[in-house]
Amino acid sequence: MVSAPSTYSSAPILEGSDADQLLRVSLGPQHPSTHGVFRMNVVLDGETVVSLKPVFGYLHRNHEKIAEGVTYLSSMPYTDRLDYICPLSNNWAYASAVEKLAGIEVPERAEYMRVILAELTRLINHTAFMGFILGDMGAWGSALMYAFRERELILDLFEDLTGARMMANFMRFGGCRNDLPAGWAEKCSVLVDDYGPFLDEMEKFLVGNEILLARCQDVGQLPKETLINGGITGPMLRAAGVNYDIRKADPYGIYERFSFRIPLGDKGDCYDRIMIRFLEMRESLKILRQALDQLPDGDYVNPKIKIRNFKPPVGEAYARIEGPKGELGFHLISDGTVNPYRYRVRPPSFINLTLLEDMCLGLDLADVVIILGSIDIVLGEVDR
Amino acid sequence: MIAETEAILGEIRTALPDATVTLLKNPGPAAQHSLLIGNDDLLRVAGFLREALAFDLLSNITGVDWPDAKKADAIAIHEGEGMPSEIGYLETVYHLFSTTRRIGPLILRARTTDRDQQVQIPSLVSLFRSAEFQEREIFDLYGIQFTGHPDLRRILMWDEFVDHPMRKDYVAPDDYEYEPTPHDAVLEKARKHYPSLKDE
């Protein structure tokens, strides 16, 4: 029996005659299966979870306050560090919020470049996810190594284009920072062609894997209505069969021009969440193929846009994109000066954790790790 | 698709004639107008929007600090009746979407009476679970008291922390890093933050 320090939140479940039979476990913050500095105060009855309270803030640096003190463009490199697996999606979400706020047009070529980069980012995120979730199931290393091998090929493309593997700082208000270097589109095209066989191979190992089936099926499902009410978005929501993808439901950029489908799950358990991401990657490849074939010539950034002393008109704007992890939104309020009056990030990882306790109650402690893994969080975004 | 704020305002007025709802115009190119809801009617209006108009996804809640009420009036302009507040206040902005009708954002606002004493806004957790952590975050960073929230604790800052760091008049302390011999400018800044230090 571990006695908890007095600062622990006491869940009501602990009051009663059986209270001394319960075990309190502090899971994290330094633990490979928490995907960063994240802690859960878990109360166990034997192996069964009776209460689970997430504890946040170990990586909190008040990103939003910092953004209020600098110019609009100065926040762009900082958005890379929110969800550091997917910097280019973050760039796009922020740029589109500023574009909405200031009414800026984006040239066609830049829109295509953004779609290509965002879909490559989705591939990176979902591929890395496969490695991480298998790590959570005990297959530590091998799956991650294969996933990171493919991720590295995409990061090479990013490095050619932006100069950085991860911290891209690439989007600008009204376009992108620079044009595609010579031969980049061809290299990207080769990668897109080669990615399908890799997915086939990865899927073959996973779909019928006995351990994966035993650990993931019928674990962590919740009713559709509860998920929507809890603000869950992205693959998590679609795994439960809710047809809600912002690329289709509230199209931004030029997604209306591409033909692709929204994969939907059936039960919404951890197995569906893994398989949904496989199917999404295949749809991303379709979008990439179309975008690369249609890529037009022209400006990569709106030439009229002013970089120095950029002041959007007074007003506010909320813009959102379908990030790899869910709805990534930025809410900006401008008072007409060079700094945003209010800069708010709507982080998908943070809000997707709202129902973590509901998913875990009544299950074993080992299932908590899988469920947390299937939510796919990044602490840079959760804690901001 | 952007929700037609005026049309929705009409539907709210028809269904809930006694609710305090004011249309606020957004002067910027985004033209995302919002509805200012009286605190006593917030739960009723949000419940009506969820049940009757299928706004089932409360996606985002933003906390905003307005020490200068005039500034807020320039960004969200009052239309017609309703007098804007004279003194500064704290505000929450809600972005609602409908997953079935695929419209949004519908933007709601709620405001506290002032910034110090009457900082209560009703919690929406009973209607939307997605408000749970976001309201805790706003309580933590802005100090808005959400009445009816089941578990209103700090979430990003640690429990012992005093003050609310996202407020516009917040002064960052100087003791977040170990300073072996605090002196001159550092001490001066620390005195500003902790007036009681003067006595020592």
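**Exercise 1.** In this predicted model, state how H3(A) and H4(A) are oriented to each other.

*Solution.* Step 1: take the two elements, helix H3 (residues 87-102) of chain A and helix H4 (residues 108-136) of chain A. Step 2: their axes lie 8 Å apart and make an angle of about 135°. Step 3: angles over 145 degrees count as roughly antiparallel and those from 65 to 115 as roughly perpendicular, while the rest, apart from angles under 35, count as oblique. H3(A) and H4(A) are therefore oblique to each other. Step 4: the crossing of H3(A) past H4(A) is left-handed.

**Exercise 2.** List the residues through which H3(A) and H4(A) meet, and sort them by class.

*Solution.* Step 1: H3(A) contributes A:Leu88, A:Ser89 and A:Trp92. Step 2: on the side of H4(A) stand A:Arg114, A:Leu117, A:Ala118 and A:Thr121. Step 3: this contact has 4 nonpolar, 2 polar and 1 charged residues.

**Exercise 3.** Check the length of H3(A) against the expected span, then decide whether the helix is enclosed or open.

*Solution.* Step 1: at 1.5 Å a residue, the 16 residues of H3(A) should span 22 Å. Step 2: the end C-alpha atoms of H3(A) are 23 Å apart, which agrees. Step 3: 16 of the 16 residues of H3(A) are buried, so the helix is largely enclosed by the rest of the structure. Step 4: just after H3(A) comes A:Gly103, with a positive phi of about 65°.

**Exercise 4.** Describe the side of chain B that touches chain A.

*Solution.* Step 1: 36 residues of chain B contact 40 residues of chain A. Step 2: E3(B) gives the most to this side of chain B, 6 residues. Step 3: the residues of this side divide into 19 nonpolar, 10 polar and 7 charged.

How values were computed. Residues numbered from 1 in each chain as written. Chains lettered and ligands numbered in written order. Predicted model: local features only at pLDDT ≥ 70, side-chain atom pairs only at ≥ 80, totals over all residues. Contact = placed C-beta atoms within 7 Å. Helix = DSSP H or I, 4+ residues; strand = E, 2+ residues; numbered from the N terminus. Nonpolar A, V, L, I, M, F, W, Y, C, P; charged D, E, K, R; others polar. Axes fitted to C-alpha atoms, helices over the stretch in contact; angles between N-to-C directions. Left-handed = near helix turned anticlockwise from the far one by under 90°. Expected span 1.5 Å × (residues − 1). Buried ≥ 20, exposed ≤ 12 C-beta atoms within 10 Å, placed from the backbone.
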